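Biologist: Hey, got a minute to walk me through this protein? I'm new to reading models.
Modeller: Sure, let's pull it up.

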Amino acid sequence: MKLYAAFSLATAVFALNDDGVVDDDTCIYGGEEVDCETKQPLVPNLARAGKNRALPDGDRRYADLKAIHSKMWSKNGLTGKNKFDERQMWAYGCHCHLLGDRPLSEMGRGAPKDALDNKCKAYKDCQKCVREKHGETCIGEFVQYNWKYRSQANEFVSLDTESTCERELYECDVQFAKDSLNQLKVFDESYHFFYGNFDNRDPDNCVSNPSIPVEHQCCGGHNKPYHWIGTEQAPMLPRW
């Protein structure tokens with residue numbers, strides 16, 4: 001499966017600490033440790049760690065997305081047997097599938113199965129909004145961004161200019177990591193592609209709502225993640 005091939009490669013482009021997590025205050029660009037100003041790879045560091053830099057762009061983005069999730073888990077005390085496992089989180093439900101030729105940006109289908117799957121849909125919607133603004137080539141499979149975890153402020157930071165394609169894709173990824181962490185207890189093995197043989201291509205598993213489509217718009221961006229929200233307002237209740 002391409003999913004697992006990419007995941008195995010994603011661990012091979014960073015010089016990781018003993019917990020398998022990128023160090024604080026280390027700048028990452030396109031799946032590699034780089035000089036924060038020039039974005040040039042820190043070849044000595046990678047060579048010392050025995051890393052292979054010859055990775056396709058799609059696998060580099062897998063590495064970025066996994067590194068952000070792993071860092072998020074670690075900073076919240078989830079290490080060892082509780083550390084981030086992409087094989088569990090990214091082959092799930094109707095929207096958490098990072099499979100195929102465009103695994104990061106391809107939309108899911110049907111109604112989300114649970115709160116975790118709903119957050120995956122929000123992630124795909126966020127990227128959809130970025131594409132609507134910057135064009136169809138502004139997708140995770142094509143575009144690289146520059147980020148790090150700043151220890152002094154205890155936060156993820158982007159080193160790309162606000163409102164750019166790179167910055168807004170990064171914001172989608174970080175929000176996705178936050179949302180996934182908050183929904184850890186929701187995980188249901190029966191909705192997993194490998195563990196539960198759940199197939200999101202089966203229309204009986206991922207049922208679309210046949211009702212009249214609700215108009216949506218993208219809200220956010222700039223230096224925040226996009227949210228795809230309905231434009232219809234709830235009816236006002238009478239005041240007595």
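**Chatting through the fold**

Modeller: Let's start with the sheet: this is a predicted model, and in it four strands form an open sheet in the order β2-β1-β3-β4, with antiparallel pairing.

Biologist: Okay, which are the edge strands?

Modeller: Those are β2, residues 32-33, and β4, residues 155-158. Each of them pairs on one side only.

Biologist: And how many bridges join β1 to β2?

Modeller: Two bridges, with β1 covering residues 28-29 and the two strands running antiparallel. If you want a spot to click on, Ile-28 stands opposite Glu-33 in β2.

Biologist: What holds paired strands together in general?

Modeller: Strands in a sheet pair through backbone hydrogen bonds, and they can be parallel or antiparallel.

Biologist: Cool. Which helix lies across β3 and β4?

Modeller: That's α6, residues 165-182. Its direction is at about 160° to β4, and β3 is residues 146-150.

Biologist: Let's zoom out. How many helices and strands does the protein have?

Modeller: Six helices and six strands. Going along the sequence, you'd read α-β-β-α-α-α-α-β-β-α-β-β.

Biologist: Now the inside. Which residues touch the most other members of the largest nonpolar core?

Modeller: That core has 35 residues, and the ones touching the most other members are Ile-68, Met-72, Trp-90, Trp-147, Phe-156 and Leu-169. At least two core residues come from each of α3 (57-75), α5 (115-134), β3 and α6. The biggest giver is α6, with eight residues.

Biologist: Ile-68 is on that list, so what does Ile-68 touch?

Modeller: Leaving out residues up to four places away in sequence, Ile-68 touches Tyr-145, Trp-147, Phe-156, Asp-173, Val-174 and Ala-177.

Biologist: How much of the protein is buried?

Modeller: Buried residues are 42% of the 240. As for the outside, the accessible surface comes to about 12,600 Å², and 48% of that belongs to carbon and sulfur atoms.

Biologist: What about contacts between residues far along the sequence?

Modeller: Take contacts between residues at least 6 apart in sequence: 63% of them join residues at least 24 apart.

Biologist: Last thing: what's the mean pLDDT?

Modeller: It's 82 for the protein, with 77% of the residues at 70 or more.

Biologist: Where does pLDDT stay under 50?

Modeller: One stretch is residues 45-55, where the model has 23 contacts beyond four places in sequence. Another is residues 234-240, and there the model has zero such contacts.

Note on methods: Residues numbered from 1 in each chain as written. Predicted model: local features only at pLDDT ≥ 70, side-chain atom pairs only at ≥ 80, totals over all residues. Heavy atoms only, no water. pLDDT = per-residue confidence, 0-100. Contact = heavy atoms within 4.5 Å. Pairing = 2+ DSSP bridges. Axes fitted to C-alpha atoms, helices over the stretch in contact; angles between N-to-C directions. Core = buried A, V, L, I, M, F, W, Y, C linked by side-chain atoms within 4.5 Å. Buried < 20%, exposed > 50% of the residue type's maximum accessible area, 1.4 Å probe, protein only. Areas by Shrake-Rupley, 256 points an atom, 1.4 Å probe, with all protein chains shown as cover.
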